[in-house]
Amino acid sequence: MTERLDVDALIDDPTRRIVVCCGSGGVGKTTTAAALALRAAERGRQTVVLTIDPARRLAQALGLRELGNHPRQVSVAGFEPKGELWAMMLDMRRTFDDMVRTHAGPERAEALLANPFYQTISTSFSGTQEYMAMEKLGQLAATDEWDLIVVDTPPSRSALDFLDAPNRLSSALDGRMIRLLTGPAKAGGWGLRKVVSTGFSIFAKAVSTIIGGQLLADASAFMQAFDSMFGGFRERARKTAELLRSEGTSFLVVAAPEPDALREASYFVERLGGESMPLAGLVANRTHPVLADLSATAALSAAEKLESTAPLATAVLQLHADRVALAEREKRLLARFTRAHPGVPLVEVPALPSDVHDIGGLREIGERLAS
């Protein structure tokens, strides 16, 4: 029998400092992360929730007009937690800018921030968002202001790419094309000719906001200014990666009881195991349990007998039969997942009748997570 995921034990554990919610898009990760953080705060923990989802659902549900790149305390009528709840949304560009200002020194920082090449890579290089998520998580953990950090990850398989992001981003900046672009003097006339003849058109397409020969000068100036902070760039990412693998971190995989979402959940479970990441369990979100002890066959049979005399009762019985069929389908799908991953604890969260849009809705999700 599958072990039940005990959410309250997870968030009450004082040694648990980070909970990362991951899964495919549209399964309710943002809502789950917010509900977990709210429940943890109400049970006495100093909690901050970090969302990487650009949608504004989290701010709206927490009663805030908007979320910024720095945590804001949630303080709304009717919400009086034993602990505290703070929330923020990752701003990739501002996080990169703040990192540059912190580690490059005033003059060099201003040169970097004004560089057109920097302005391109800080928003469009592959891995930048994931790296900045790691950077922000590392900053939050380093302050010791919160004893629990709940992280909502990007929708899709890229949710775990922040583990690879430091290597991907540094490899891109160390790559052959970048070296040729940034070192025309070292490469001599051959290097410059090689760039112009074979590589320039390809690279210019990737950084389409920069055109013409100015690209060479901008890239060269950028790398010269960036070189001194590059070692720290990698070292901080290494420390955050170690933090994510530590005993104080737990990953929750969130999935809807649908074939595609559960396939993605299997991918996350296998990837987490391959990376030696601490998996807490699976949240099967928006399930449809049956509340009446009546089979679909019996309901349809009764509906057929009452069709001509009691149309309302007939409709209710038919809806019940549909609900039973849906619940049985979800059970089969979840049983298939648990057969493939028998050691993964699981909790089912029944769907609410409407979307979550306030503290009350988040509180109810938290209760369903823990019930």
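Buried means under 20% relative accessible area, exposed means over 50%, and partly exposed is what lies in between. The exercises below use these classes on a predicted model.

**Exercise 1. Classify Arg329 and its salt-bridge partner, and state which parts of the chain the pair ties together.**

Step 1. Arg329 has a relative accessibility of 30%, so Arg329 counts as partly exposed.

Step 2. The side chain of Arg329 meets that of Glu258 in a salt bridge, with 3.3 Å from N to O.

Step 3. Arg329 belongs to helix 15 (residues 311-340), while Glu258 sits in the loop between strand 6 (249-255) and helix 13 (259-274), so the salt bridge ties together parts that are 71 residues apart in sequence.

Step 4. For Glu258 the relative accessibility is 34%, and Glu258 therefore counts as partly exposed.

**Exercise 2. Examine the salt bridges Arg93 to Asp97 and Asp260 to Arg263, and give the spacing and the exposure of each residue.**

Step 1. Across the whole structure, a search finds 14 salt bridges.

Step 2. Arg93 and Asp97 meet through their side chains at 3.1 Å, N to O; the two residues are 4 residues apart in helix 4, which means that about one helical turn separates them.

Step 3. Arg93 is partly exposed at a relative accessible area of 26%, whereas Asp97, at 12% relative accessibility, counts as buried.

Step 4. The side chains of Asp260 and Arg263 form a salt bridge with an N to O distance of 2.1 Å, and because these residues are 3 residues apart in helix 13, they too are separated by about one helical turn.

Step 5. Asp260 is exposed, with a relative accessible area of 53%, and Arg263 is exposed as well, at 52%.

Step 6. A further group, made up of Asp8, Asp12, Arg39 and Arg43, is linked in a network of salt bridges.

**Exercise 3. Determine the geometry of the aromatic pair Phe96 and Tyr118, and then that of Tyr267 and Phe268.**

Step 1. The structure holds 3 aromatic pairs, and these two are among them.

Step 2. In the pair of Phe96 and Tyr118, the ring centres are 5.2 Å apart and the planes stand at 80°; an angle over 60 degrees counts as edge-to-face, so this pair is edge-to-face.

Step 3. Phe96 lies in helix 4 (residues 92-104) and Tyr118 in helix 6 (residues 116-124), and the pair thereby links distant parts of the chain, 22 residues apart.

Step 4. Both partners are buried, Phe96 with a relative accessible area of 1% and Tyr118 at 0%.

Step 5. Tyr267 and Phe268 also form an edge-to-face pair, with 5.6 Å from centre to centre and 70° between the planes; Tyr267 counts as partly exposed at 22% relative accessibility, whereas Phe268 is buried at 0%.

**Exercise 4. Decide whether Cys21 and Cys22 are bonded or unbonded as a disulfide.**

Step 1. A disulfide is a covalent bond between the sulfur atoms of two cysteines.

Step 2. The cut-off for the sulfur atoms is within 2.5 Å, but the cysteine sulfur nearest to that of Cys21, belonging to Cys22, is 7.7 Å away, and Cys21 is in no disulfide.

Step 3. Cys22 is likewise in no disulfide, and a search of the whole structure finds 0 disulfides.

Step 4. Cys21 is buried, with a relative accessible area of 0%, and Cys22 is buried with the value 0%; Cys22 has its place in strand 1 (residues 18-22).

**Exercise 5. Describe how strand 4 pairs with strand 2 and with strand 3.**

Step 1. Strand 2 (residues 46-51) and strand 4 (residues 84-89) run parallel and are joined by 6 bridges, and in strand 4 the bridge partner of Gln46 is Glu84.

Step 2. Strand 3 (residues 72-73) pairs with strand 4 in the antiparallel sense over 2 bridges, with Gln73 opposite Trp86 in strand 4.

**Exercise 6. Find where the confidence of the model is highest and where it is lowest.**

Step 1. The protein chain has a mean pLDDT of 81, and 77% of its residues reach 70 or more.

Step 2. Confidence is highest in helix 1 (residues 7-12), at a mean of 97, and lowest in helix 10 (residues 184-206), at 46.

Step 3. Over residues 184-201 the pLDDT stays under 50, and the model has 14 contacts beyond four places in sequence for this stretch.

Conventions:
Residues numbered from 1 in each chain as written. Heavy atoms only, no water. pLDDT = per-residue confidence, 0-100. Contact = heavy atoms within 4.5 Å. Phe/Tyr/Trp six-rings, centres within 6.5 Å; stacked < 30°, edge-to-face > 60°. Buried < 20%, exposed > 50% of the residue type's maximum accessible area, 1.4 Å probe, protein only. Pairing = 2+ DSSP bridges. Salt bridge = Lys/Arg side-chain N within 4 Å of Asp/Glu carboxyl O.
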